[in-house]
Amino acid sequence: MMKNELLTAEQLQVLAAFRKHIFSKLTFRDLKEVTKTHSHSRLQNALSKFQKLNLTTKEKVGNITAYALNLTNNTTANYLSLIDQQEI
């Protein structure tokens, strides 16, 4: 059984980038541009946490990794709703 873990405000901002492109697959570079973050490690940690919580899917095409929202996970929908309410 997975322990419920909460996302930090910074991680919610990264997840908010997916909300703007809800059906798209985004690369690490895309996410860096959309979130305007300069820290590779913070973005990488957020993506790792999303994978752990099954909030995103990860697809490797050649040497590029693309991430997309896991819209079949109810927790993803809950976090997107929270983001909408907070207007991140």
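Author: Angles from 65 to 115 degrees between helix directions count as roughly perpendicular. Keep that range in mind. The model discussed here is predicted.

Reader: How are helix 2 and helix 3 oriented to each other?

Author: Two packed helices are described by the angle and the distance between their axes. Here the axes of helix 2 (residues 28–35) and helix 3 (residues 40–52) come within 11 Å. They cross at roughly 110°. The range for roughly perpendicular is 65 to 115 degrees, so helix 2 and helix 3 are roughly perpendicular.

Reader: Which residues of helix 3 make the contact with helix 2?

Author: Take helix 2 to begin with. Its side of the contact is Phe-28, Leu-31 and Lys-32. Facing them, helix 3 supplies His-40, Leu-43, Gln-44 and Leu-47.

Reader: How many residues of that contact are nonpolar?

Author: Sort the contact of helix 2 with helix 3 by class. One residue is charged and two are polar. The nonpolar residues number four.

Reader: What is the handedness of the crossing of helix 2 and helix 3?

Author: Look at how one helix passes the other. Where helix 2 passes helix 3, the crossing is right-handed.

Reader: What is the order of the strands in the sheet?

Author: Strands of a sheet pair through backbone hydrogen bonds, either parallel or antiparallel. This open sheet has three strands with antiparallel pairing. Strand 1 (26–27) and strand 2 (56–61) are the edge strands, each pairing on one side only. The order is 1-3-2.

Reader: Which residue stands opposite Glu-59?

Author: Look at strand 2 and strand 3 (residues 64–69). They run antiparallel and are joined by six bridges. In strand 3, the residue opposite Glu-59 is Ala-66.

Reader: What angle does helix 1 make with strand 3?

Author: Helix 1 packs on the sheet. It touches strand 1, strand 2 and strand 3. Its direction makes an angle with that of strand 3 of about 80°.

Reader: Is Thr-65 buried or exposed?

Author: Thr-65 is found in strand 3. Beyond four places away in sequence, it touches Leu-26, Thr-27, Phe-28, Lys-58, Glu-59 and Lys-60. Its relative accessibility is 18%. The cut-off is under 20%, so Thr-65 counts as buried.

Reader: And Lys-20, buried or exposed?

Author: Lys-20 lies in helix 1 (residues 9–20). Its relative accessibility is 54%. The cut-off is over 50%, so Lys-20 counts as exposed.

Reader: What separates the C-alpha atoms of Lys-20 and Val-34?

Author: Start with the chain. Lys-20 and Val-34 are 14 residues apart along it. In space, their C-alpha atoms are separated by 9.2 Å.

Technical notes:
Residues numbered from 1 in each chain as written. Predicted model: local features only at pLDDT ≥ 70, side-chain atom pairs only at ≥ 80, totals over all residues. Heavy atoms only, no water. Axes fitted to C-alpha atoms, helices over the stretch in contact; angles between N-to-C directions. Helix = DSSP H or I, 4+ residues; strand = E, 2+ residues; numbered from the N terminus. Parallel < 35°, antiparallel > 145°, perpendicular 65-115°, else oblique. Left-handed = near helix turned anticlockwise from the far one by under 90°. Contact = heavy atoms within 4.5 Å. Nonpolar A, V, L, I, M, F, W, Y, C, P; charged D, E, K, R; others polar. Buried < 20%, exposed > 50% of the residue type's maximum accessible area, 1.4 Å probe, protein only. Pairing = 2+ DSSP bridges.
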